[in-house]
Amino acid sequence: MLARRSLARIATQPSPLGVAPKNARNMATLREIELRLKSVKNIEKITKSMKMIASTKLAKAQRAMQSGKQYGLANSEIFQHAPSETPAKRKLFIVVSSDKGLCGGIHSSVSKATRRAIADTEKPVESDSPIMVIGDKSKMQLSRVLGKNLAMSFNQIGRDIPTFADAAGVADLIVKSDVKYDGISIVYNKFISAVSYESDIVDVAGENALKESAGFRAYEMEDDVTKDLAEFSLANAIYAALVEAHACEQSARRNAMDNASKNAKDMIDRLTMQYNRGRQAAITNELVDIITGASAL
């Protein structure tokens with residue numbers, strides 16, 4: 001009798017604080033899903049806004065690219081009439097990227113193209129060829145693999161739309177630097193369409209290459225003229241690469257934000273279905289408890 005009374009007394013005591021109610025786990029799960037659903041909806045709003053901003057900037061960048069390409073065409077015509085007779089062994093690689101992310105693998109493409117160009121066996125260059133990077137993103141990527149080759153880096157270039165003043169400032173610092181090189185190669189992203197791009201390398205003839213070319217030896221020129229032409233051609237090539245890379249960046253950012261918005265929408269649909277199923281299960285359990293209690297009475 002004493003044992004039965006003790007068991008009955010224990011059964012009638014309230015549950016300890018560490019024991020959760022029957023539907024507590026389900027309620028916590030629904031609360032977690034609701035919070036996650038709210039955060040994903042906020043992310044979707046941000047990605048949609050960034051997509052609209054990138055679309056607006058892309059139209060301006062394309063107009064700037066069309067005018068900037070004329071500088072590159074003028075350079076190409078000069079270099080066609082003054083080809084270099086001896087291939088450069090020690091090249092200066094100017095990598096064009098930016099300081100901002102959230103635009104897919106656009107910065108990785110120029111970094112990979114730079115590594116391929118240095119390791120190329122068909123057109124061999126010295127393994128310690130100097131590298132100058134425009135933009136912090138590619139600088140961080142190349143510093144992990146080719147840190148010893150990095151000679152100079154530039155940031156805050158072309159935060160909105162690159163100008164010729166930005167390119168002229170970069171060219172002036174490159175010419176005044178103590179870096180030794182035989183030729184210059186600019187690695188940048190080439191704009192193909194609003195949804196595609198590819199990395200490309202354009203060679204720029206230096207002062208010595210212009211002097212040694214047959215086209216320039218046919219005329220009598222002062223040294224200052226050739227030096228000024230080489231510096232101006234470098235600024236032209238950098239400006240053409242900057243505006244085209246900027247258009248590629250805005251296009252890639254718009255596509256990346258569009259894909260992020262679609263992924264967020266899919267996640268919202270899955271979370272909403274999961275939340276509704278959990279809510280219906282909780283309501284069903286409560287109805288079962290009510291019906292069971294009413295039947296017992």
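What separates Glu 34 and Arg 31 in helix α2? The two residues stand three positions apart in that helix, which spans residues 24-80, and so are separated by about one helical turn. Their side chains meet in a salt bridge, with an N to O distance of 3.6 Å. Glu 34 is partly exposed, at 36% relative accessibility. Arg 31 is also classed as partly exposed, at 47%. The model examined here is predicted.

A search of the whole structure finds ten salt bridges. Among them is a contact between the side chains of Asp 258 and Lys 51, at 3.1 Å from N to O. This pair links distant parts of the chain. Asp 258 belongs to helix α8 and Lys 51 to helix α2, and their positions lie 207 residues apart in sequence terms. Lys 51 has a relative accessible area of 29% and is therefore partly exposed.

Asp 258 has a further partner. Its side chain meets that of Lys 262 in a salt bridge of 3.7 Å, N to O. Both residues lie in helix α8. They are four residues apart, about one turn of the helix. Lys 262 is partly exposed, with a relative accessible area of 48%. Through shared partners, the salt bridges join Lys 51, Asp 258 and Lys 262 into one network.

Aromatic contacts were examined next. The count comes to two aromatic pairs. One of them, formed by Phe 164 and Tyr 239, is edge-to-face. The ring centres lie 5.9 Å apart, and the planes meet at 75°. Phe 164 lies in helix α5 (residues 164-176) and Tyr 239 in helix α8, so the pair ties together parts that are 75 residues apart in sequence. The two partners fall into separate accessibility classes: Phe 164 is partly exposed, at 25% relative accessible area, whereas Tyr 239 is buried, at 10%. The cut-off for burial is under 20%. Phe 164 and Tyr 239 also belong, with Phe 232, to one aromatic cluster.

The interior was then searched for enclosed space. One cavity of 30 Å³ or more is found in the whole structure. The volume of the largest cavity is about 110 Å³. Its lining consists of 13 residues. Of these, Ser 97, Ser 98, Ala 245, His 246 and Glu 249 lie nearest the centre of the cavity. Helices α3 (106-118) and α8 each supply at least two lining residues. The largest share comes from α8, with four residues.

The surface carries a nonpolar patch of about 390 Å². Ile 283, Leu 287, Ile 290 and Ile 291 make up this patch. Ile 291 is placed in helix α8, which covers residues 223-296. With a relative accessibility of 54%, Ile 291 counts as exposed, because the class begins over 50%.

Helix α8 thus recurs in several of these features. It holds Asp 258 of the salt bridge to Lys 51. It contains Tyr 239 of the edge-to-face pair. It gives four residues to the lining of the largest cavity. It also includes Ile 291, a member of the nonpolar patch.

Conventions. Residues are numbered from 1 along each chain as its sequence is written. This is a predicted model: local features need pLDDT of at least 70, side-chain atom pairs count only at pLDDT 80 or more; totals for chains, interfaces and linings use all residues. Side-chain values use heavy atoms; hydrogens and water are left out. Patches are made of residues with over 30% relative accessible area and no salt bridge: like charges are joined within 9 Å, nonpolar side chains (Val, Leu, Ile, Met, Phe, Trp, Tyr) within 5 Å. Accessible areas come from the Shrake-Rupley method with a 1.4 Å probe; for residues, only the protein chains shown count as cover. A salt bridge is a side-chain nitrogen of Lys or Arg within 4 Å of a carboxyl oxygen of Asp or Glu. Buried means under 20% relative accessible area, exposed over 50%, partly exposed in between (1.4 Å probe, protein chains only). Rings of Phe, Tyr and Trp (its six-membered ring) pair if their centres lie within 6.5 Å; planes under 30 degrees apart count as stacked, over 60 as edge-to-face and the rest as tilted. On a 1 Å grid over the protein atoms alone, a cavity is a set of points where a 1.4 Å probe fits but cannot get out, and a pocket is an open set with protein on both sides within 12 Å along at least five of seven lines; lining residues have an atom within 4 Å of a point. Grid points are joined across faces, edges and corners, and a volume is the space filled by probe spheres set on the points.
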